[in-house]
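Here are my notes for you to read with the model open beside them. Take the points one at a time and find each residue as you go.

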Amino acid sequence: MQFANTGNDLFFNGFIVIFFIVFALILGLFIVAIVKGVKQWNTNNNSPVLTVDTKIIAKRINVRHSSSSMNNDNGMHTSSTSTDYYVTFEVESGDRLEFEVAGDEYGVLVEGDQGKLTFQGTRYQGFVRY
């Protein structure tokens, strides 16, 4: 005995297909991000450590804020903020390099400072003023 497909069966089958497509896309993006991170890490490790004469030409920060509310009796609300610090250096050839630096380092670097920048690939190693 064979039963006819109902609208609910078609809806359920469509939902499962869409669910697995979205799951595969998210998993694929996650894998791509991991591969890119490992590739950048490997490239940095295989790059020479360079020290060049440079001038600090710009500083910037990127503040990220997130918050969430818990729907329970005590009405908890949580929030967090994180800050990334970036410094742009200009070398003698006119090329510019931007590196993420630690907050305490960011605080002591001043636009216009000249000195020696040490880096490896995309990793900031340090800056020493003249």
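1. Start with strand S1 (residues 49–69) and strand S4 (residues 114–120): they pair in the antiparallel sense, over seven bridges. Keep in mind that this is a predicted model. Two facing residues help you find your place: Asp53 stands opposite Lys116 in S4, and Leu50 stands opposite Phe119 in S4.

2. Now go to the other partner of S4. Six bridges join S4 to S5, and these two strands also run antiparallel. Here Gly115 stands opposite Arg129 in S5. S4 and S5 make a hairpin with two residues between them. Have a look at Gly121 in that turn, where phi is positive at about 65°.

3. With those pairings in hand, the sheet can be drawn. It is an open sheet of five strands in the order S3-S2-S1-S4-S5, with antiparallel pairing. Which strands are at the edges? They are strand S3 (96–101) and strand S5 (123–129), each of which pairs on one side only. Neighbouring strands of this sheet are turned against each other by 35° on average, if you ignore direction.

4. Next, place the sheet in the whole chain. The protein chain has two helices and five strands, and along the sequence they follow the pattern α-β-β-β-α-β-β. Among contacts with a separation of 6 or more, residues 24 or more positions apart account for 49%.

5. A word on the surface. Of the 130 residues in the protein chain, 17% count as buried. The accessible surface comes to about 9,900 Å², and 59% of that belongs to carbon and sulfur atoms.

6. Is Phe119 buried or exposed? Phe119, which has its place in strand S4, is buried because its relative accessible area of 11% is under the 20% cut-off. Leaving aside neighbours within four places in sequence, Phe119 is in contact with Pro48, Val49, Leu50, Val52, Leu97, Phe99, Tyr124 and Gln125. The link to Leu50 is a nice one to check on screen: the two residues are 69 apart along the chain, yet their C-alpha atoms are separated by 5.5 Å.

7. Pro48, one of those contacts of Phe119, sits in the loop between H1 and S1. Pro48 is exposed, with a relative accessible area of 53%. Not counting residues up to four places away in sequence, Pro48 touches Phe119, Gln120 and Gly121. That brings us back to the glycine in the hairpin turn: the C-alpha atoms of Pro48 and Gly121 are separated by 7.3 Å, although the residues are 73 apart along the chain.

8. Phe119 also belongs to a group of rings. Ring pairs link Phe89, Phe99, Phe119, Tyr124 and Phe127 into a cluster. Two members of that cluster, Phe99 and Tyr124, have already turned up in the list of contacts of Phe119.

9. How many aromatic pairs are there? The count comes to nine. One of them joins Phe19 and Phe20, edge-to-face, at 5.4 Å centre to centre and with 80° between the planes. Phe19 also pairs with Phe23, and this pair is stacked: 6.5 Å centre to centre, with 15° between the planes. If the two values puzzle you, remember that a pair of aromatic rings is described by the distance of the centres and the angle of the planes.

10. Where do Phe19 and Phe23 sit relative to each other? They are four residues apart in helix H1 (residues 7–46), so about one helical turn separates them. Phe19 counts as partly exposed, because its relative accessibility is 45%. Phe23 also counts as partly exposed, at 46%.

11. Finally, look for charges over rings. The charged end of Lys59 sits over the ring of Tyr106, 4.2 Å from the ring centre. Likewise, the charged end of Arg60 sits over the ring of Tyr86, at 4.1 Å from the centre of that ring.

Conventions. Residues are numbered from 1 along each chain as its sequence is written. This is a predicted model: local features need pLDDT of at least 70, side-chain atom pairs count only at pLDDT 80 or more; totals for chains, interfaces and linings use all residues. Side-chain values use heavy atoms; hydrogens and water are left out. Rings of Phe, Tyr and Trp (its six-membered ring) pair if their centres lie within 6.5 Å; planes under 30 degrees apart count as stacked, over 60 as edge-to-face and the rest as tilted. Buried means under 20% relative accessible area, exposed over 50%, partly exposed in between (1.4 Å probe, protein chains only). A charge sits over a ring if NZ of Lys or CZ of Arg is within 6 Å of the ring centre and within 35 degrees of the ring normal. Contact means heavy atoms within 4.5 Å. Accessible areas come from the Shrake-Rupley method with a 1.4 Å probe; for residues, only the protein chains shown count as cover. Two strands pair if DSSP finds at least two bridges between them. Axes are lines fitted to C-alpha atoms, for helices over the stretch in contact, and angles run from 0 to 180 degrees between N-to-C directions.
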